[in-house]
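Here is a set of questions and answers on one structure. Look it over, then work through the turns.

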Amino acid sequence: MSILAINDLKVQFPTPEGLVKAVNSVDLELEEGERLGMIGETGSGKTVLGLAVVRLLSGAEVEGNIEYRGKKLLLLDEAEMRKLRGREISVIFQSPNSLNPVLKVGDQIAESIRLVGCSNRQDAKKKAVQAMEAVGMPDAELWADRYPHQFSGGMKERAMIALGLACDPRLIIADEPTKGLDANIKAQVVELIRDVTTDKSLLFITHDLSAAAQICDRIAVMYCGEIVEVGRTEEIFANPLHPYTEGLFRSLPIMGMKAIRGASPSLIDIPSGCRFHPRCDRPCENCAKAHPPLVEAESSPGHLMRCFQHDRG
Amino acid sequence: MIEVEGLTRHFFSGRLGKERVEAVDEVSFNIKRGETLGLVGGSGCGKTTLGRLLLRLIEPTSGRIIFDGVDILHLKRREMRRLRPRMQMIFQDPDTSLNPRMASLESISEPLKLKGGLTRAEIEDEVSRLMEKVGLSPEHLGRRPHQLSGGQNQRVVLARVLASNPEFIVADEPLSALDVSVQAQIFGLLSEMKRDRNITFLFISHDLNIVRLMSDRVAVMDRGKIVEVGPTEEIFRHPLHPRTRELVSSASMDGQLTLMLKEGLISTVTRRPRPRMGGVCDDNPMDSKSSRLMINAGCR
Amino acid sequence: MSRKSAFSAGLFILGAYILVALLSSVITPYSPTALVGRPLDGPSDTHLLGTNDLGQDIFSRLLYGTRATLIIGLLGALLSVLVSTLVGTVSAYYGGGVDEVITRSVDVLMTLPSFPLLLVLTIFFAPSIFVISGLMGVLGGTQGIRIIRSQVLSLVEANFVYGAKAIGAGDLRIMTRHILPNVLPLATVKFVFAAQRYMLMGVGLGFLGLGDPSVVDWGQMISRAYYNGGFALGLWWWLIPPGIAVTLLSVALALLGYGLEEEIDPRLKRSVAI
Ligand SMILES: Nc1ncnc2c1ncn2[C@@H]1O[C@H](COP(=O)(O)OP(=O)(O)OP(=O)(O)O)[C@@H](O)[C@H]1O
Ligand SMILES: Nc1ncnc2c1ncn2[C@@H]1O[C@H](COP(=O)(O)OP(=O)(O)OP(=O)(O)O)[C@@H](O)[C@H]1O
Ligand code: SF4
Ligand SMILES: [Mg+2]
Ligand SMILES: [Mg+2]
């Protein structure tokens, strides 16, 4: 059974310049126990998609259907939603602003632990320290008593991960949890995330392709508010079908670091036809006119992509 | 350009300030004009603190900083303010680097307004030029940080920094909030600034591949001290300090991904000859020696 | 109740009170101090809420009383928020010796019980509503200083403030353009809750007979009704209306504060930041 099923999700923000279509008809399914990586262009709507699931977007128009274990999340009232958030679904936010600047870090984590039923204050604090140790904080006891502004960038990131994992959720939405970590700690965090998610589901939003490769079972690639490719991790990396995905991989330092030409598309005046066509290096006539559907590639089952020329091998 | 001697900064915390963190400890080094010094080291070793000290955004406990022949720690408030725009910092988290209550337009134009002597129209022109340069479009002008993605915010930060027209930039993890393609783009932009405007950089990053491409020299930091400095290739080929060795070896741990990708690349290249189009990037897999040239030739 | 509807409801009621305060001279049928009828008359067509022991129209006094109570509450709150924001910001921004002196003084002031102190000072100065709100503002401001100071302390360490410093912005600009706008939401909520507290304190002073004798206020009305037989004789129209007026205003301010709180709670608000 799928733990999370997103159907035809649309998220739009009205702004004075026009309607920002941040997420466009996204369909996505996350199986129980699955780890799904979400990679793609900056500003393509990954964070918005993640926050839409937990309904933490302000000023947004959200349409479609999000089902979490059979519950239609968009129809729940705020109190029920709050109960899910932090207990069953937890979010590791992208921004360190999600740490409260005027509370000690250990207390924040302890509070989150207490919320899910660990009643004893002392115990909660102890568990908070353990949670911080687990993400590679040296002297966790000492640092639990400090405020976020005393933390270095990487320490804040680790604190946020500890906070997100503290409440023992079923579904974790992690938004770029490995940014700003050095290689050793990153390896440790990757290990930790893999460990704790053996019996949980994970939506792992990231720019760190190697972390995604190590953690995720499947990868979804987003571009301009849409999913342009989904498939098993090895499939995606070894055999990327969509020109955007390929371009992305070619931008890695180890692959030559060649940026995709052209500028990121506007989410207000969305490009016609295939949204990637102004930047694609092999468009055909049809590409500018018709919008390609997300279809299964003939050559590899379970590997979906949104391009007219996917089978041109 | 910048010379540092015995720079030290301690933080005190806990009850009665008993606990001491030696964030930066007796650090000395120099960076020549137009040179890029890469700064690497474990999380929490003091890189960000060092960057802030260099710009005198926080006061050191002791030490000397000479910027372009001037001992900046002895400057008066007002003289310091006049000097400030010449040195800028790109901060680690783009989400916290911008005033949450200011729209991009305001953020980018603030340094221009402070400079003075520009008409409103001139400021607007300059802002749109900068926005285009960093890859933002006019639709982003009126938005506040929480209405932009992490990567878009990072570009606003970059535009704001460029607006001051600095000679020295401390870039603290400038690429980690971006997708790899935009990373390559911004990397190209930074290299271009370095080349065309002879800007001096202190380049802080955990991504050693990028540090290797960007830096002329690399300094390795460990628990507040600089433990090794040397020309980039020297450091990567023959790391001396154990900490450096550890860092360099863990950098090549991305093996799994590389393997998958390489296999994929080879198969795609052999499987389908791609049609060439005007302006498309060069397709040859590059070799490491010519990397710098290749990047600068990058795609347009 | 959702925070949005709480906010709207609070705003609506407060708006109504302000309107009454502004228009009280127009809409009241009688002068609040004139002796316009027989003493202790029950509600009737001519006197909606009857008259008090002096034969003054209670309805007119009730409407007029809005002014004094609102002035004390709002002015006191405004002053206290101004004091705390200003002092708290300067203290946290400059740090060092300035901060030390301010924090120590606040600690000392905080140990003084504020209501009794207010009583003493009100007796010492002539009790006018402006003196009262002024005193409340200054005394109450000290508590706010701590809260604002800790908020500013975390802002001073924020990257964007370092960034402003780096482009050569002066202290004044950093404080007014970068720091103050970010403490404003917190200050606004503090303002609303302070207004609620001070309004109640003002009524309390009036009840104790320490209010401004030259104005009509609800505290005095309640006290008069209480001591001059309203309570004993069960003259509800004399005692209850000012009580309801106070309670409703207090509830309105509480709703307003609750509705605004979301704006500043880092968990509720910041988590939305992308
Ligand atoms: N409140 C808002 N109002 C208007 N536009 C918004 C708002 N929030 C997000 N957006 C826009 O929606 C798009 C998607 O943003 P999102 O943060 O999801 O990107 P992302 O994929 O997470 O990027 P990154 O990798 O840089 O974090 C962006 O183009 C952003 O500008
Ligand atoms: N304001 C502060 N108060 C107390 N300690 C601080 C403060 N700022 C930094 N520190 C401490 O100083 C040390 C160095 O921090 P710094 O931010 O320079 O690390 P960093 O090298 O940038 O790490 P990262 O790669 O994780 O960003 C850390 O231990 C940090 O906790
Ligand atoms: S549909 Fe056409 S334009 Fe779009 S990615 Fe495929 S080939 Fe390129
Ligand atoms: Mg994001
Ligand atoms: Mg740092």
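Helix axes are lines fitted to C-alpha atoms over the stretch in contact, and the angles between N-to-C directions run from 0 to 180 degrees. The model is predicted.

Q: Are helices α6 and α7 of chain C roughly parallel or roughly antiparallel?
A: The axes of α6 (residues 159-166) and α7 (residues 171-207) of chain C come within 10 Å. They cross at roughly 170 degrees. Angles over 145 degrees count as roughly antiparallel. So α6(C) relative to α7(C) is roughly antiparallel.

Q: Which residues of α7(C) meet α6(C), and how many residues of the contact are nonpolar?
A: From α6(C) come C:Phe160, C:Val161, C:Ala164 and C:Lys165. They meet C:Ile174, C:His178, C:Ile179 and C:Asn182 in α7(C). By class, the contact has one charged residue, two polar and, for the number asked, five nonpolar.

Q: Which residues coordinate the magnesium ion (ligand 5)?
A: The coordinating atoms are an OG1 and an OE1, at 1.9 to 2.3 Å. Both residues are buried. They are B:Thr48 and B:Gln92.

Q: How many residues apart in sequence are the parts that B:Thr48 and B:Gln92 tie together?
A: B:Thr48 lies in helix α1 (residues 47-54) of chain B. B:Gln92 lies in the loop between β6 (87-90) and α3 (104-115) of chain B. The pair therefore ties together parts whose separation is 44 residues.

Q: Which protein donors does the magnesium ion (ligand 4) have?
A: The donors lie 1.9 to 2.1 Å from the ion. One is in helix α1 (residues 46-53) of chain A, the other in the loop between β6 (89-92) and α3 (105-115) of chain A, 47 residues apart. Both are buried. They are A:Thr47 (OG1) and A:Gln94 (OE1).

Q: What is the geometry of the aromatic pair A:Tyr244 and A:Phe276?
A: The structure holds 14 aromatic pairs over all chains. In this one, the ring centres are 5.6 Å apart, with 80 degrees between the planes. Planes over 60 degrees apart count as edge-to-face. The pair is edge-to-face.

Q: How many residues apart in sequence are the parts joined by A:Tyr244 and A:Phe276?
A: A:Tyr244 lies in helix α10 (residues 243-250) of chain A. A:Phe276 lies in the loop between α10 and β11 (295-296) of chain A. So the pair ties together parts with a separation of 32 residues.

Q: Which residues form one aromatic cluster with A:Tyr244?
A: A:Tyr244 is buried, at 0% relative accessibility. A:Phe276, buried at 3%, belongs to the cluster. The cluster partners of A:Tyr244 are A:Phe276 and A:Tyr223.

Q: Is C:Tyr227 buried or exposed?
A: C:Tyr227 pairs edge-to-face with C:Tyr226, with centres 5.2 Å apart and planes at 90 degrees. C:Tyr226 is partly exposed, with a relative accessible area of 40%. For C:Tyr227 the value is 56%. Over 50% counts as exposed, so C:Tyr227 is exposed.

Q: What separates the C-alpha atoms of A:Val11 and A:Glu61?
A: A:Val11 sits in strand β1 (residues 2-15) of chain A and is buried, at 0%. Its contacts beyond four places in sequence include A:Val48, A:Leu57 and A:Glu61. A:Val11 and A:Glu61 are 50 residues apart along the chain, yet their C-alpha separation is 5.6 Å.

Q: What percentage of the residues in chain B is buried?
A: Chain B has eleven helices and ten strands. Among its contacts between residues at least 6 apart in sequence, 65% join residues at least 24 apart. Of the 300 residues in chain B, the buried share is 57%.

How values were computed: Residues are numbered from 1 along each chain as its sequence is written. Chains are lettered from A and ligands numbered from 1 in the order in which they are written. This is a predicted model: local features need pLDDT of at least 70, side-chain atom pairs count only at pLDDT 80 or more; totals for chains, interfaces and linings use all residues. Side-chain values use heavy atoms; hydrogens and water are left out. Helices (H or I, at least four residues) and strands (E, at least two) are DSSP runs, numbered from the N terminus. Angles under 35 degrees count as roughly parallel, over 145 as roughly antiparallel, 65 to 115 as roughly perpendicular and the rest as oblique. Contact means heavy atoms within 4.5 Å. Ala, Val, Leu, Ile, Met, Phe, Trp, Tyr, Cys and Pro count as nonpolar, Asp, Glu, Lys and Arg as charged, and the others, Gly among them, as polar. Donors are N, O and S atoms within 2.8 Å of the metal (3.2 Å for Na, K and Ca); water is not among the atoms, so sites may look incomplete. Buried means under 20% relative accessible area, exposed over 50%, partly exposed in between (1.4 Å probe, protein chains only). Rings of Phe, Tyr and Trp (its six-membered ring) pair if their centres lie within 6.5 Å; planes under 30 degrees apart count as stacked, over 60 as edge-to-face and the rest as tilted.
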